[in-house]
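Let's take a walk through this model together, beginning with how its strands are arranged and ending where chains meet.

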Amino acid sequence: MDTVSTGDIEKLLRVNELYINFYTYEGVVKAIDGVSFDIHPNETFALVGETGCGKSVTARAILRLIPTPPGKIEGGEILFNGVDLLKIPEKEMLEYRGKKISMIFQEPMTSLNPVFTVGDQLVETIALNQKVSKEEAYNIALKMLERVRIPDAENAMTKYPHEFSGGQRQRIVIAMALSCNPSLLIADEPTTALDVTVQAQIINLMNELQKNMGTSILLITHDLGVVAEMSDRVAVMYAGNIVELGTTSVIFEKRYHPYTQGLFNAIPVFGKGKQTRLEEIPGSVPNLLYPPPGCRFHPRCPHVMDICRKEKPELIELEPGHYVRCHLYR
Amino acid sequence: MDLKSYIARRLLLAIPTILGVTLIVFFISHVVPADPALVWAGGARARPEQVEQIRQLYHLNEPIWKQYVIFLSDLVRGDLGISPVTGRPVIEDIKTYFPATLELTIFAIALAILIGIPLGVLSAIKKDSPVDHSTRIFALSGYSMPIFWLGLILQLVVYYYLGLVPDPGGRVNTQVYISSEFKTYTNMYLIDSLIQGRFDVFFDALQHLILPGFTLAYATAAIIARMTRSSMLEVIRQDYIEFARARGLPERVVIYKHALRNAMIPTVTVVGLSFGGLLAGAVLTETVFYWPGIGRYMVGTINTLDFPALMGGTILIALVFVIVNLLVDILYAIIDPRIRYG
Amino acid sequence: MERVTDFKEKHDAKIKEIKYSLFLVRNSPLTILGALIILILILVAVFAPYIAPYDPEKTNILARLKPPSKDHPFGTDDLGRDIFSRVIWGSRISLQIGFTVVFFATAIGTVLGLIAGYFRGWIDEILMRITDMFFAIPSLILAMAISAALQTRSIYTTMLAVTFVWWPAYVRIVRSSVLSLVESQFVEAARSLGASNRRIMFKHILPNSLAPLLVQMTLDLGAVILVAAGLSFIGFGAGPNTPEWGRMVAEGRNYMTTAWWTITFPGLAIFITVLGFNLLGDGLRDILDPRLRR
């Protein structure tokens, strides 16, 4: 069994041996294949990988937002402050969603309901989650909007989402998500849909809020630049598996797993003297209806060995707190 | 643009449509091979000079295009003419019959909304469940039901066999209506009775309304249920619904506040579009229930070739249609803030 | 062996599509039910003379208003005609009206819709205003006026009247799918290769708007039969003695309190027929709708 121990550090969230399948008309898609990781208080933890590697599914599973059917959580635990979120009734889940754990999504343009004012949606969230009166909720909402630096917050409350730009909408979404002081914020590609300049602003805002509010962030992204700027630790996902996990600095420096290497070679690197040649990982992301046997990366791996085709590698601790799932390091 | 000028512009734009409708109906009805004057004068036994007199009076000797011009110039002056069959001004006939139809159709639409929306929501959130399948069957049956037959079967079962409602035929029990001093202001009995505090008349009228109301409502309820279902299914896949859940809103709020409001946008359009079908249904419903409304009146006018009445009824219906569509567009803009009158 | 894999690979997407369609059909018992109803209906209509036990128009005053029995499964009407035989023969009339009206309305609407959507401009504007007018007046009332104007009452006047009110809907449907296709790349490509307007319209645009058209036609077969029955019911349809379902309900109406079967069976026939077309059309829509194919 894969175990990822993080020593004595207290854990906010512990995902343990998570398995998720999707039952489609074509067959069973084995989307998440035994994923485990921890998130500590006050840290930013990133899940990185290509589209379809299961990072978003993992994030949604934490809030139990996987549509069932077709999705089904087949096994594992999601411990939040020691409570297994997969075992509590749906009603109790409401005590976590939006209160202790918040989530923001990729598309700020579509995350807000177009037919209600921003104020209405903010006040509703706060009043329902914090059990305060509408007036109190209104005041908290105003403060939150100011915190995320929406100009003229009072006026902004009466506007509809379509009257804001994408960056402003993402700020509003962040205000909504953080309004109840959650201890964990799940951010699913929070900057992908934004312009580059706006991206930087949102990243700075999130970093700042995290520092001030003490919220941990689970960052889902495919953008290594964002990872570098925000996260303390990183897990690299491929085809429903975590293939490498460790601190951001070690991952960026060492890149033990062949897939991690490929991922880094696929992006242009600037400011490192010579420009490195842009490489692509050969092959394509496997169809998880029929996942490759053994290591799921073996069909695309430049260092593939016989054993890779037969046996799924275990997570190995190469350095303290740094794990790799690859037969190369046995 | 503000609301008032928007409405004014829309009504102005509707004038050519309504004129076009009168043109179509006028030419279709006036090319009849039979001699309407003869019918109006009382058939074959009528004296020739009397027939000729009627022909003169209604310009039937003029060419059709000239008759249409005369009709238009009268219309501009607000004159719909006198019905050769009832001998009354058409406008008076409309005042008598239209409120009955209005009461029936409004009641039917309200009923259809009350039945259709909850069913649509329920079958969307319980997609592919037995509830969903039953709703689908209920709705497709509504699309497929011959409305006149449904009316008759309901009469047979609910009135003749079970005796649950009063005699189908008319809008109130004539005894109640005549024997007491009941005033008619709007000629919509539900409203008139409430104004006067006459609850006996109110319940009597309601009892008379329930069967024709349901008969007429069924098809529309089916349309609303199907449309609500499919737009709900579309809406609950949207990001803002997932975000609403992630924000910790209870499912009740997510569905009935956030999803339903958005799902209503296409539903409202469909209700507007199905209004023509509702009016057609009203013709059949009124026939089956002896309901003294404009639909039954129109059947009569066509049978007796009562041109002035037919044209009056046509203009009225086209006008109602235009107004309903205008209301739908205004409602649309109220539900969806992204839409502005343009 | 080589060839088989070649073929498979080449048509992989197509095969997947078809497989998925079959999957959807299999998972939709109501669609199958609808198709079955229509199939049986067509068989009954074709073999009516062999199935019907009596002459549908033969009166028998001695056997009037007889309740359903072994001799008369649906009973007899006020003139002693066998309702079962009349219902069977009625299927011919309803199907005839349905198919004729939908055929002509589609033909007219498709041509005009193609023209309106493809050429745009003033011709589009005029056609759209005309369809607006038709939508502003309930089809049943207009059809009534036309039947009245035609004076004679037969199923052919019904067909004519209903066709006259039905074509504008098809102009709208075809036009809107043309509008979405005209801008598409394959039309651009065809145009740049020098294809003629007519060729582009009939070879490229029309085949691609067939799916929504097919769904609409199936649903309309039911709707047309319903309107035609309504016309007959209020006396603007088929002439006396014709075994038309709507007319049979109207004739039975006066006797329904003592002889329920006079209205029940013809009405049920209309209902089941229209339901069949609606089940099939509704199922087809789900199967052909690319938005629902996820």
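**From a strand pair to a chain contact**

In this predicted model, a good place to begin is chain A, where strand S3 (residues 44-48) and strand S9 (residues 233-238) run parallel and are joined by 4 bridges. If you would like one pair to click on, try Val48(A), whose bridge partner in S9(A) is Val236(A).

Now zoom out from that pair. Strands of a sheet pair through backbone hydrogen bonds, in either a parallel or an antiparallel way. In chain A, 8 strands make up an open sheet with mixed pairing, and its order reads S6-S7-S8-S3-S9-S10-S12-S11. Strand S6 (101-104) and strand S11 (315-319) of chain A each have a single partner strand, so these two stand at the edges, with one side of each left without a neighbour in the sheet. From one strand to the next, the twist averages 20 degrees.

A helix also meets this part of chain A. Helix H11 (residues 258-265) lies across S9 and strand S10 (241-247) of chain A, and H11(A) runs at about 100 degrees to S9(A).

Next, turn to chains B and C. Their contact takes 38 residues from chain B and 37 residues from chain C. On the chain B side, the helices that each supply at least two residues include helix H1 (3-30), helix H6 (130-144) and helix H15 (307-335). Which helix gives the most to this side of chain B? That is H1(B), with 7 residues. As for character, the chain B residues touching chain C divide into 29 nonpolar, 8 polar and 1 charged.

Note on methods: Residues are numbered from 1 along each chain as its sequence is written. Chains are lettered from A and ligands numbered from 1 in the order in which they are written. This is a predicted model: local features need pLDDT of at least 70, side-chain atom pairs count only at pLDDT 80 or more; totals for chains, interfaces and linings use all residues. Two strands pair if DSSP finds at least two bridges between them. Axes are lines fitted to C-alpha atoms, for helices over the stretch in contact, and angles run from 0 to 180 degrees between N-to-C directions. Two residues are in contact if their C-beta atoms, placed from the backbone, lie within 7 Å. Ala, Val, Leu, Ile, Met, Phe, Trp, Tyr, Cys and Pro count as nonpolar, Asp, Glu, Lys and Arg as charged, and the others, Gly among them, as polar.
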